[in-house]
Amino acid sequence: MNGNERKIIPIGIESFEEIRQGSFYYIDKTEWIKELLENPGKVNLFTRPRRFGKSLNMSMLRCFFEPGTEKRIFDGLKIAGEYELCKSYMGKFPVIAVSLKDINGLSYEMAQDMAAVIVKEEIERHPYLLDSDQLSKLEKEKLRTMLCMKMGQSELCSSLKVLSRLLYQHHHQKVIVLIDEYDVPLAKAFANGYYDQMVTLMQTMFGLLLKTNEYLQFAVLTGCLRIAKESIFTGLNNLKVLSIQDVRFDAYFGFTDGEVRTLLDAYDLADAYGDVKNWYDGYRFGNTQIYCPWDVLNYCDLLLADRDAPPQDFWSNTSDNDVIRHFIENAHNKTTKQEIERLVAGEAVVKKLRKDLTYRDLYGSIDNIWSVLFTTGYLTLQERPDGDLCRLVIPNMEIRKVFTEQIMEYFRETVRKDGEALEQFCEALKNADAYRVQAQFGKYLKKVVSIRDTFVKRPMKENYYHGILMGLLAYKDAWAVFSNRESGEGYSDILVEIEDEEIGIVIEVKYSDQGNLHAACQEALIQIEQNDYAQQLYEDGMQTVLKYGIACYKKRCMVMLGDTCGSISDKQSEI
């Protein structure tokens, strides 16, 4: 593929028609249609984490089955080679397709109104029904009333079933129902205090549409979580749940390794494969290793503008990461804290996962939160489960970064509550008391979840301890604290200016891979002298400059103070 033939990377486009009719790159997932028809279920629920292509796949299903869609958009795709299947199913079924992801009302009344708008928009997508010779005058009038009136709960609950009946009467063919992001209204309801009302609404609507509907051919639902049957799927005995542990359909959500390699080759980005794999691969769906497509596409788009761009965290832009925050806040016991440290270190934790949860249960116990972390994509299977037990790991560098940032944010918030301890730390730092600095810093390291030495390179470990120090120094509003500021012949880790007392502080942080903290401290102080990191402080008018080398290894630290002549005081003891 030369430069003139390159297609546009489809960032955030969830319309199959738009991608296929425009000049967008598309990774062919149309074999999902064949497998879905060959392994039929009356009601099929696919649970996958966010940003794994659920909405685009649902748009593809609608385009395939619905009459009137331009079917040439499937030309050249795998499903087009299934001639008999296309002849029997392509364009032959009326479709009801709704997405519930935008139902985010602050109150039940607002959420109900939002749901009514979505239903009315779906009715408007079938305007021919208003002129259909197959519908009675009374039925057409009912349809107009549904479009014009303010729907109450009873009308809303029955609306989609009514629409399915009218579509059946017009087409003389049963209806395919597609419901995308079915669980979002429940999440918003739980967060805003009207969960029971939303459960009742969805129980009734889904029961009428999916259980007692003689006009239903089959239905496909997608979501992030599998909500317990006793919650909204009460009595729905025809439900087939296909989760990320299921080997069926395992390659149709997200990108496989082969698909990523082909994508990178198409844009002459093959040399970025290692970074893409380390940062965005690592998920296990069934028997298949999967990349997060949202991240891969965004990073490729970034690389096309800047070939030297490092991998970034695109995941956090789509979520507030509340589940990790709940996890860290509830990790009160030592066992859970150590398990978090093992995960961040790239190790596995063995847990029994709950398949059925209600939103009331999600954060009810630390055991439930493990299950939520798994289903939402923050953890993944290292291998197929051994019975009910699963070996869970953080999938990749991106999610590991999310974990560490949330850990640091929680640490910063909690340490601010202990002003006395922070004051002692800062005073010791200002007064050149390396022993007390070391003792106080060591106490903080024992409190915070640590980064161990099996997962990342040394600079990233140093950044973690650097971040802890910055969090502690933020306590002093009157101090000017700079991170990675240019000074002398390079960029120092931390520079501090205490203007009222004309005291400057240089801190260089080192991580000791072998645990030799003494040598690492000396290395840090030598680097301060060789690169003349104190220069900027003197230029800014500081009369006294203190130079600290701080070495860390897991939860241990050592602090050394260099004197103004450049020699090293190494009388400090290790903590």
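# Exercises on strands, helices and burial

β14 and β15 form a hairpin with 2 residues between them, and Lys554 in the turn has a positive phi of about 55°. The model is predicted, so to speak of local features a pLDDT of at least 70 is needed, side-chain atom pairs count only at pLDDT 80 or more, and totals for chains, interfaces and linings use all residues. Residues are numbered from 1 along each chain as its sequence is written, and side-chain values use heavy atoms, with hydrogens and water left out.

## Exercise 1: the hairpin

Task: Find how β14 and β15 pair, and state how many residues of β15 are buried.

Solution.
- Step 1. Locate strand β14 at residues 544-553 and strand β15 at residues 556-562. Strands (E, at least two residues) and helices (H or I, at least four) are DSSP runs, numbered from the N terminus.
- Step 2. The two strands are antiparallel, with 7 bridges between them. To count as a pair, two strands need at least two DSSP bridges.
- Step 3. Pick out one position: Tyr548 lies opposite Leu561 in β15.
- Step 4. Of the 7 residues in β15, 6 are buried, which leaves the strand mostly covered. Buried means under 20% relative accessible area, exposed over 50%, and partly exposed in between (1.4 Å probe, protein chains only).

## Exercise 2: the parallel sheet

Task: Work out the strand order of the open sheet with 5 strands, and name its edges.

Solution.
- Step 1. Recall that strands of a sheet pair through backbone hydrogen bonds, either parallel or antiparallel.
- Step 2. The order here is β2-β3-β4-β1-β5, with parallel pairing.
- Step 3. β2 (95-99) and β5 are the edge strands, each pairing on one side only.
- Step 4. On average, neighbouring strands of this sheet are turned by 15° against each other, direction ignored.
- Step 5. Check one pair: β1 (residues 43-47) and β5 run parallel and are joined by 4 bridges. Leu45 has Val241 in β5 as its bridge partner.
- Step 6. Add the helix: α2 (residues 31-38) packs on the sheet and touches β1 and β4, its direction making about 125° with that of β4. Axes are lines fitted to C-alpha atoms, for helices over the stretch in contact, and angles run from 0 to 180 degrees between N-to-C directions.

## Exercise 3: two helix pairs

Task: Describe how α13 crosses α16, then how α6 packs with α7.

Solution.
- Step 1. Helix α13 (residues 322-329) and helix α16 (residues 397-415) have axes that come within 10 Å and cross at roughly 55°. That makes α13 oblique to α16; under 35 degrees counts as roughly parallel, over 145 as roughly antiparallel, 65 to 115 as roughly perpendicular, and the rest as oblique.
- Step 2. The α13 and α16 crossing is right-handed. A crossing is right-handed if the near helix is turned clockwise from the far one by less than a right angle, and left-handed if anticlockwise.
- Step 3. Residues of α13 in the contact include Ile324, Phe327 and Ile328, and those of α16 include Val402, Phe403 and Tyr410. Contact means heavy atoms within 4.5 Å.
- Step 4. By class, this contact of α13 with α16 has 7 nonpolar, 1 polar and 4 charged residues. Ala, Val, Leu, Ile, Met, Phe, Trp, Tyr, Cys and Pro are nonpolar, Asp, Glu, Lys and Arg are charged, and the others, Gly among them, are polar.
- Step 5. Turn to α6 (residues 137-148) and α7 (residues 153-171), which pack at about 140° with axes 12 Å apart. Their crossing is left-handed.
- Step 6. Glu139, Lys142, Leu143 and Met146 in α6 meet Ser159, Val162, Arg165, Leu166 and Gln169 in α7. The class count for α6 with α7 is 4 nonpolar, 2 polar and 3 charged.

## Exercise 4: two residues

Task: Decide whether Ser59 and Thr234 are buried, partly exposed or exposed.

Solution.
- Step 1. Ser59 sits in helix α3 (residues 54-65). Its relative accessibility is 11%, so Ser59 is buried.
- Step 2. Leaving aside residues up to four places away in sequence, Ser59 touches Glu14, Ser15, Phe16 and Glu17.
- Step 3. Thr234 lies in the loop between β4 (216-223) and β5 (239-242). Its relative accessibility is 48%, so Thr234 is partly exposed.
- Step 4. For the whole protein chain, buried residues make up 55% of the 575 residues.
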